[in-house]
Amino acid sequence: MGFIDIIEIIIKLGVGFSILNVWLLNRNKSTPWRGANASSMEEEFSAYGLSKNAMIAVGTLKSLCAILLLISIFFPVTEYIGAIGIAVLMTGAIFMHFKIRDSFKKSFPAALFLVLSVITLFIGQ
């Protein structure tokens, strides 16, 4: 296992567990990253003009992609779907932050996960 392989694993662990943390453990907690100063995920999606059903769908997709990215450490076949899924969903998150004119700070995590997912795609080829 080379240095690049270790970096790829670190990225997958960081992105995967961070997304699961946000959606499974901290969904109802206030953080400095929430759009429009919302105190929960549901409030944040409401600020974006999205329904609770949309929040559930996005959360399910993000969690699934995060799990696929984590599984890809052992089963590389899941890497492409997980990383592409996260990249697409994070692009959507960035657009939502811009839509409501959030500061760059609020969209930084989504931008970071987008970049890291793209890096994972290039490393994994």
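With which hand does α4 pass α5? I looked that up before anything else, and the crossing is left-handed. For my own reference, left-handed means that the near helix is turned anticlockwise from the far one by less than a right angle, and right-handed means clockwise.

**Ground rules**

I am working on a predicted model, where local features need pLDDT of at least 70, side-chain atom pairs count only at pLDDT 80 or more, and totals for chains, interfaces and linings use all residues. Residues are numbered from 1 along each chain as its sequence is written, and side-chain values use heavy atoms, with hydrogens and water left out. Helices (H or I, at least four residues) and strands (E, at least two) are DSSP runs, numbered from the N terminus.

**Entry: α4 against α5**

I went back to this pair for the geometry. The axes of α4 and α5 come within 8 Å and cross at roughly 155 degrees. That makes α4 roughly antiparallel to α5. The axes are lines fitted to C-alpha atoms, for helices over the stretch in contact, and the angles run from 0 to 180 degrees between N-to-C directions. The naming goes like this: under 35 degrees is roughly parallel, over 145 roughly antiparallel, 65 to 115 roughly perpendicular, and the rest oblique.

Then I listed who meets whom, with contact meaning heavy atoms within 4.5 Å. On the α4 side I noted E79, I86, M90 and H97 among them, and on the α5 side K106, A110, F113 and L121 are included.

**Entry: α3 against α4**

Next I checked the other pairing of α4. α3 and α4 pack at an angle of about 145 degrees, with their axes 8 Å apart. The crossing of this pair is left-handed. Among the α3 residues making the contact are L61, K62, A66 and L69, while α4 brings residues including E79, G82, G85, I86 and M90.

**Entry: the core**

I then pulled up the largest nonpolar core, which has 22 residues. The term covers buried Ala, Val, Leu, Ile, Met, Phe, Trp, Tyr and Cys residues joined through side-chain atoms within 4.5 Å. Buried here is under 20% relative accessible area, exposed is over 50%, and partly exposed is in between (1.4 Å probe, protein chains only).

Which residues have the most contacts inside this core? I got V15, I19, W23, I86, M90 and F113. At least two core residues come from each of α1 (3-25), α2 (41-47), α3 (52-71), α4 (79-99) and α5 (104-123). α4 gives the most, with six residues. As background, nonpolar side chains tend to be buried together in soluble globular proteins.

I took I19 as a sample. Leaving aside neighbours within four places in sequence, I19 is in contact with K62, S63, A66, I86, M90 and F113.

**Entry: A93**

A93 is in helix α4, and I have it as buried at 16% relative accessibility. Not counting residues up to four places away in sequence, A93 touches K62 and A110. I also took the C-alpha separation from A93 to E79, which is 21 Å for 14 residues of sequence.

**Entry: two serines in loops**

Is S72 buried or exposed? S72 sits in the loop between α3 and α4, and I find it buried, with a relative accessible area of 2%. A polar atom of the S72 side chain lies 2.6 Å from the backbone oxygen of L69. Setting aside residues up to four places away in sequence, S72 touches K12, T78 and E79.

S40 is in the loop between α1 and α2, and is buried too, at a relative accessible area of 11%. With the same exclusion of residues up to four places away, S40 touches R27, N28, K29 and R34.

**Entry: positive phi**

Most residues other than glycine have a negative phi. I flagged A36, where phi is near 55 degrees, and N37, where phi is near 60 degrees. A36 lies in the loop between α1 and α2, and so does N37. A36 is partly exposed at 41%, whereas N37 counts as exposed at 64%.

**Entry: the chain end**

Last, I looked at G124, in the segment after α5. G124 is partly exposed, with a relative accessible area of 36%. Its C-alpha lies 9.6 Å from that of I4, although the two are 120 residues apart in sequence. Beyond four places in sequence, G124 touches E8 and E79.

Methods: Polar contact = N/O pair within 3.5 Å; in protein donor to acceptor, adjacent residues only side chain to side chain.
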